[in-house]
Each structure stands twice: as structure tokens, then as C-alpha cells.
Amino acid sequence: MNKGKIKLGLIGGGPNSFIGIVHRIAAYMGEQYQLVGGVFDIDHASGIAFAEKLELDTSRAYESLEVFIEKELALPADERIEVVSILTPNFLHHSMAMKLVDAGFNVICEKPITITAAEAVELEQLVERKKVVFCLTHTYTGYPMVRQMKAMIAAGAIGKIQKVDAQYYQGWINPFIHDKDKRAQVWRLDPKKSGQSCCFGDIGVHAFNLIEYTTGLEVEKVLADIDTLYPDNPLDVDGTALIRTKDGVKGVICASQIATGEENNISIMVYGDKGGLKWEQENPTYLTYMQEGKPAQIFKPGNPYNAEFAQESTKIAPGHPEGLFDAMGNIYKGTALAIRGEKVREGAFPGVKDGVRGMKFIEAVLESNKQGQAWIEIK
Ligand code: NAD
């Protein structure tokens, strides 16, 4: 084993997991991490088989998080797993992160950070007390052209922001939602596993995060209209939230999992008094810069005209498209710097504070809808 690499563990992320492959490849990309062990699957035998397939030491494929912590802490410090990625369904994030942070592990956690804002605040306090590194994988913040957008807005390229609009449209819940028996196949539609929200907890929160990440603005209040589609479906699958920032900027977040035919269409538009910027995840290497009376300009990764932050986030020459794996790779790269105690650029990876903001946003959306579309402050 290369001693210079950061020893990584995974909770979830095993054979049938959706997001596991993204984390494993991302961790590999920057040559900063070495996957050592974990609790790869809810089924231990399947977790061991997975470890064998990856040619890992199967004695580090544990049956539960509790055993993982006990056995890893019993190892000499230089052999111990240093950072643990939590890739399980939402309802497990809080308890697992609390246990890992309390035991002194650095954590990379999937979103949403928890299922309530109170849990997120509790976790934030523990992270601060334990002084560990905590990364929350809002993956879209890792794209070079999202980072370019952030840098251009900060440098004044669009002037004073006057309108923000983020949309996240998917259609994959359609085949399940209209058939009551099939709904049980989707953990995201089960409040016990998903938490209080399906659509806004799963994807609306990414759109919210992208707005705060790229603009630096803080959303102060929301007015939301969400839909479960059927009275016997407890969780939202579609919704629209009007937002207002502390500086009085107005905007909108639309999220849907029943937008028929849509795959993973997250986009963000930010308009200022001097220009506008537009980015769409399904064409992630194009950032459109618009100015009044001028032809639109397309910024693309790897070119020297980009900001340093975007340049650092690209691995290959212009014209060779990078995507979701690379975006996650950039987030892992930023987290590695923090774990090594090196200088980390603002925005290099989302953290526990972003998680608290996200959970407060989700709860404000739900409360606004409950009150019949009232404006609710995000406190
Ligand atoms: P999934 O259902 O595909 O995988 C869940 C994994 O967790 C499985 O491997 C399962 O065996 C494992 N698991 C469940 N309980 C466990 C336990 N007690 N111990 C160990 N492992 C356990 O789910 P998914 O779609 O990969 O989503 C997982 C998380 O990732 C969710 O919180 C989701 O919101 C998030 N996610 C984030 C993004 C993103 O863009 N950042 C994308 C997809 C999913």
C-alpha cells in the first residue's frame, strides 16, 4: 500500500449502489486516496464478495458501522482508515456521520446531509468540536464550468445580480408513481428511508445549493407549491419554490421527478445588470455568457481564458469532455487537501454548513406548502 495515500472507507456504495461507482472512480482520479475497506452493502456476504472483486483485504469488509469503528480504531493509527464516505439511503446519514465524527474519522457524506435541520445542526456542532474534515457531496459544484461561473460572478462579469433561476428536472419516478404496488420498490418514496421530502430532498436541494454556491447570495425566504401527485403518496415528486435572497434578489427553483422524458436536467441561470450566465448539466462543458447587444460567448474547460479555479478543476486539454465522475473527483481532491492540512480554496468542496443550509431550505419548502404557499424564512 502506498503510505502517502489517504486511506478511504465506504459505507454503502457496493455492488448494486447507484452512486458508489462515482465515488470510487472520483477517489481514484486525483491519486490521493486508497480504498481500504468499509461496510459495502447492507448484506455482509455481498459486501465481502464485493471486496474480493476489488481485490481488497476482506477482513476490512465489515458487517456493520459499529464493527467498522471498533475494528478500525483498534488498528495502529498509520494503518487506520482516515476518511469514510457515507453512501447509504438518507435516513442513515445522520446517525452514521455522528458516530464516525465522534470516533474521529473524517467524513465524506452524500446529500441530503440528514433528514431534519435539527439533526444537521447537531452534526455541525460535533464536526466543529471534533475538528474533523466533513465534505458533503453536492456533486455539481465540482464541474469546472460551474466553478468558472462562480469566479465570473465574483469578478463582476454580470454586474449586480437581479434574477436567479435553477431547475432540476427528472422523469424517472413516472413508471413507479402511477402504480401503487411499484412505489414500494423506490426507497426515495418511503418517508422512513428518504425523510420528509422526496423531490426537494433528493434534487431540489442540489438546485438550491448551486444558487448559493455560484452567486454567494444567501436565500432568506421561500414560497413553495409542491405536489405528491396522489393523496396516498406521502412525499413530494414535483414542486416550485419562489425565493428571495437577503439582498432582495428574486428567483425560482423548479424541481420535478415526473417531468416525463427528462433524464438529469439540472440547469442554472443567473442574470445581472451587465450580463447573464447559463449552465446545463447535460452539456457541462459549455458555459454561456450573455451580454446585451452582443453575441453570446461560450466558455469551455481547459482554456487559459478561464479563472484559476476552473483551470485547476480540469485534467485534460480542451475538447476532451469531462463529466460527473470528474466533478466528484474535484470534490474529493479538495477534501484531500483539507485532510492533509493544506491550503484549500473557498468552494473546493461543500461542507457541513452547506448541509445545514440545504436542510433548512427543504424544511422551509415543506412548511410553506403546508401553510398554503406562505413565505417562510430560512433561519
Ligand atoms: P442505492 O439504493 O443505489 O444504494 C444504497 C446503498 O446503501 C446500497 O449499496 C445498500 O446496500 C447500502 N446500504 C443500505 N443500508 C446500509 C447499511 N445499513 N450499511 C451499509 N450499507 C447500506 O442508493 P443511491 O442512489 O446510491 O443513493 C445513496 C445516497 O446517495 C442517497 O443519500 C442519495 O441521495 C445520494 N445520491 C447523491 C447523488 C449526487 O449527485 N450527489 C446522486 C445519487 C444519489
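Q: Which residues in H10 do Val146, Met149, Lys150 and Ile153 in H6 meet?
A: This is a predicted model, in which local features need pLDDT of at least 70, side-chain atom pairs count only at pLDDT 80 or more, and totals for chains, interfaces and linings use all residues. Residues are numbered from 1 along each chain as its sequence is written. Helices (DSSP runs of H or I, at least four residues) and strands (runs of E, at least two) are numbered from the N terminus. Taking two residues to be in contact if their C-beta atoms, placed from the backbone, lie within 7 Å, the four residues in H6 meet Leu210, Tyr213, Thr214 and Thr215.

Q: What does the crossing angle make H6 in relation to H10?
A: Axes are lines fitted to C-alpha atoms, for helices over the stretch in contact, and angles run from 0 to 180 degrees between N-to-C directions. The axes of H6 (residues 144-154) and H10 come within 7 Å and cross at roughly 45 degrees. Angles under 35 degrees count as roughly parallel, over 145 as roughly antiparallel, 65 to 115 as roughly perpendicular and the rest as oblique. The crossing therefore makes H6, relative to H10, oblique.

Q: How many residues of the contact of H6 with H10 are nonpolar?
A: Ala, Val, Leu, Ile, Met, Phe, Trp, Tyr, Cys and Pro count as nonpolar, Asp, Glu, Lys and Arg as charged, and the others, Gly among them, as polar. In the contact of H6 with H10, one residue is charged, two are polar, and the nonpolar ones number five.

Q: Is the crossing of H10 and H13 left-handed or right-handed?
A: The axes of H10 (residues 199-215) and H13 (residues 352-370) come within 9 Å and cross at roughly 120 degrees, which means that H10 is oblique to H13. A crossing is left-handed if the near helix is turned anticlockwise from the far one by less than a right angle, and right-handed if clockwise. For H10 and H13, the crossing is right-handed.

Q: Which residues of H1 make the contact with H12?
A: H1 (residues 20-29) and H12 (residues 324-339) pack at an angle of about 60 degrees with their axes 8 Å apart, so H1 is oblique to H12. On the H12 side, the contact is made by Leu324, Phe325, Asp326, Met328, Gly329 and Tyr332, and on the H1 side by Val22, His23, Ile25, Ala26, Ala27 and Met29.

Q: Which residues come nearest to the ligand?
A: A residue counts as near a molecule if its C-beta atom, placed from the backbone, lies within 6 Å of it. The shell around the ligand divides into nine nonpolar, eight polar and four charged residues. Of the 21 residues around the ligand, those that come nearest are Gly12, Ser17, Phe18, Ile19 and Glu110.

Q: What is omega for the cis peptide bond that joins Lys111 and Pro112?
A: Pro112 lies in the loop between strand S4 (106-109) and helix H5 (117-130). The cis bond between Lys111 and Pro112 has an omega of about -10 degrees.

Q: Near what value is phi of Glu31?
A: Glu31 lies in the loop between H1 and strand S2 (33-39). Phi is positive in this residue, which is other than glycine, and is near 55 degrees.
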